[in-house]
Amino acid sequence: GTICIYTPEEILRAGGFIPVRVLGINEPPSRSDTHLQPFYCPLSRSCLDQALRGDYDYLDGLVTSYSCDTYRGLVQLWKQNVPLSYFHILGMPSRVDTPEAQTLLVEEMAEWITSLEEAFQCDISSEALRYAIQVYNTNRALLRELYQFRQEDTPRLSGTEVLEAVLSGMVCPKDQHNQLLQDFLQEVKGRPQSSSKPPRLMLVGSELDNPEILRLVEASGAVVVSDDLCTGSRSLWNDCPRGDIDPLIAIAQRYLSLIPCPTKYPIEPKYQHIFRMIEQSRAQGVIVLQQMFCHPHELEYPYLQGLLKERQIPSVCIELDATYSDEDIQSQTEGLIERIE
């Protein structure tokens, strides 16, 4: 099981493992509140709740990279209360733009590989790492091709379908997902283009694991043409370098150059990515999906709001808890559409 997009899944694939992203569900927690206060983010509470209920008992281990304190606490609580044979927190630097960050991450990954080999009696070779890099680079390229269809004047697929495509790849082997994506792309290419041109929106936030929220947004009369989400463009927008390079260095360079989330510094590439996506997709408005009590994103939001106002881009912030109101999401989306029109 993995929790954060900063976890280098290529290493797990090279060892013969199937990485499974631990995702939240749209249900109020029934057991995790005995371990986490209600002012922790709903995602961490939902993930722990599922673990305590036994939903993830099929996992052989749990690993995450260091991003926020809540995720680190989640892994520790999981370890104390749910017996799995393997737990690991990868030391991911918070400042990602220095030579020391790459040195640290390469050393951390080497230690992680050793612990995986000892715990599961497997061999993670350089050749296996290079093949895993190829598989994952192919997967990300196919997803980016899917994103290109969102930039059409009349997109042939919805934002909901794109999120479902991304999420499906987080819970199945990437080789299998690559074939599914190739088939899906062929189906999308054969679709006729619509004559309607609904307002074009971009979603910004942390993790979104519930496609129903996008369905509500798009049912309000808009189309979601781009995103800046952990379960969206940030997870697939860059690749591991190819060529004659040590595979661990290639993996480190890729994860240190991800479109950053607010737990990483410098954060400026995130805003550059957002406004580049707005321009390329011709988005007319932005919906910020704010996980309640996600402190890194809450602290960042006022600055992002100011940047959007400077550029006269209409926006709205919708807070999400473990449960949500369909009417509230649709009414706020409709209000944004009215401002755009």
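**Notes on a predicted model**

1. Isoleucine 18 sits in the loop that runs between helix H1 (9-14) and helix H2, and it is a convenient place to begin reading this structure, which is a predicted model. With a relative accessible area of 51%, isoleucine 18 is exposed, because the cut-off for that word is over 50%. Although isoleucine 18 and valine 171 are 153 residues apart along the chain, their C-alpha atoms are separated by 8.2 Å.

2. Turning to the protein as a whole, the chain is built from 12 helices and 6 strands. For 341 residues, a compact globule would be expected to have a radius of gyration near 20 Å, and the protein has 20 Å, so the two values agree. Taken along the principal axes, the C-alpha atoms fill a box of roughly 60 × 50 × 35 Å.

3. How much of the protein is buried, as a percentage of its 341 residues? Buried residues make up 57% of them, while the protein exposes an area of about 14,600 Å², of which carbon and sulfur atoms supply 49%. As for contacts, if one takes those between residues at least 6 apart in sequence, 76% of them join residues at least 24 apart.

4. The charged side chains can be read in a similar way, since the protein has 29 positive and 48 negative ones. The centres of these two sets lie 4 Å apart.

5. In soluble globular proteins, nonpolar side chains tend to be buried together. Here the largest nonpolar core holds 56 residues, and the members that touch the most other members are Leu208, Ile278 and Ile287. A second core, separate from that one, has 55 residues, among them Tyr6, Val63, Tyr86 and Ile124. To see what surrounds one member of the largest core, take isoleucine 287: leaving aside its neighbours within four places in sequence, its contacts include Leu201, Met202, Leu203 and Val204, as well as Val217, Val316, Ile318, Thr333 and Leu336.

6. Is arginine 45 buried or exposed? This residue lies in helix H2, which covers residues 42-53, and it is buried, because its relative accessible area of 9% falls under the 20% cut-off. Once neighbours within four places in sequence are left aside, arginine 45 is in contact with Pro29, Ser32, Asp33, Leu36, Gln37, Pro38 and Tyr40, and also with Asp321.

7. A second buried arginine deserves a look beside the previous one. Arginine 254 belongs to helix H9, and at 2% relative accessibility it counts as buried. Its contacts, again without the neighbours within four places in sequence, are Arg140, Ser235, Leu236, Asn238, Asp239, Cys240 and Pro241. The C-alpha atoms of arginine 254 and glutamate 145 are separated by 19 Å, with their positions 109 residues apart along the chain.

8. Glycine 232 is found in the loop between strand S4 (223-228) and helix H9, and its relative accessible area of 0% makes it buried. Apart from neighbours within four places in sequence, glycine 232 is in contact with Tyr147 and Asp227. From glycine 232 to proline 314, the distance is 21 Å from C-alpha to C-alpha, and the two are 82 residues apart in sequence.

9. The backbone also has some details that a careful reader may wish to inspect. Tyrosine 265 and proline 266 are joined by a cis peptide bond, with omega at about 0°. Proline 266 lies in the loop between helix H9 (247-256) and helix H10 (268-281).

10. Which value does phi take in arginine 282? It is near 55°, which is a positive value in a residue other than glycine. Arginine 282 lies in the loop between H10 and strand S5 (285-291), and at 37% relative accessibility it counts as partly exposed, because this value is neither under 20% nor over 50%.

11. Glutamine 312 likewise has a positive phi, near 55°, in a residue other than glycine. This glutamine is found in the loop between helix H11 (295-310) and strand S6 (315-320), and with 72% relative accessibility it counts as exposed.

Terms used:
Residues numbered from 1 in each chain as written. Predicted model: local features only at pLDDT ≥ 70, side-chain atom pairs only at ≥ 80, totals over all residues. Heavy atoms only, no water. Helix = DSSP H or I, 4+ residues; strand = E, 2+ residues; numbered from the N terminus. Rg over C-alpha atoms; globule rule 2.2 N^0.38 Å. Buried < 20%, exposed > 50% of the residue type's maximum accessible area, 1.4 Å probe, protein only. Contact = heavy atoms within 4.5 Å. Areas by Shrake-Rupley, 256 points an atom, 1.4 Å probe, with all protein chains shown as cover. Lys, Arg positive; Asp, Glu negative; His and termini not counted. Charge placed at Lys NZ, Arg CZ, Asp CG, Glu CD. Core = buried A, V, L, I, M, F, W, Y, C linked by side-chain atoms within 4.5 Å.
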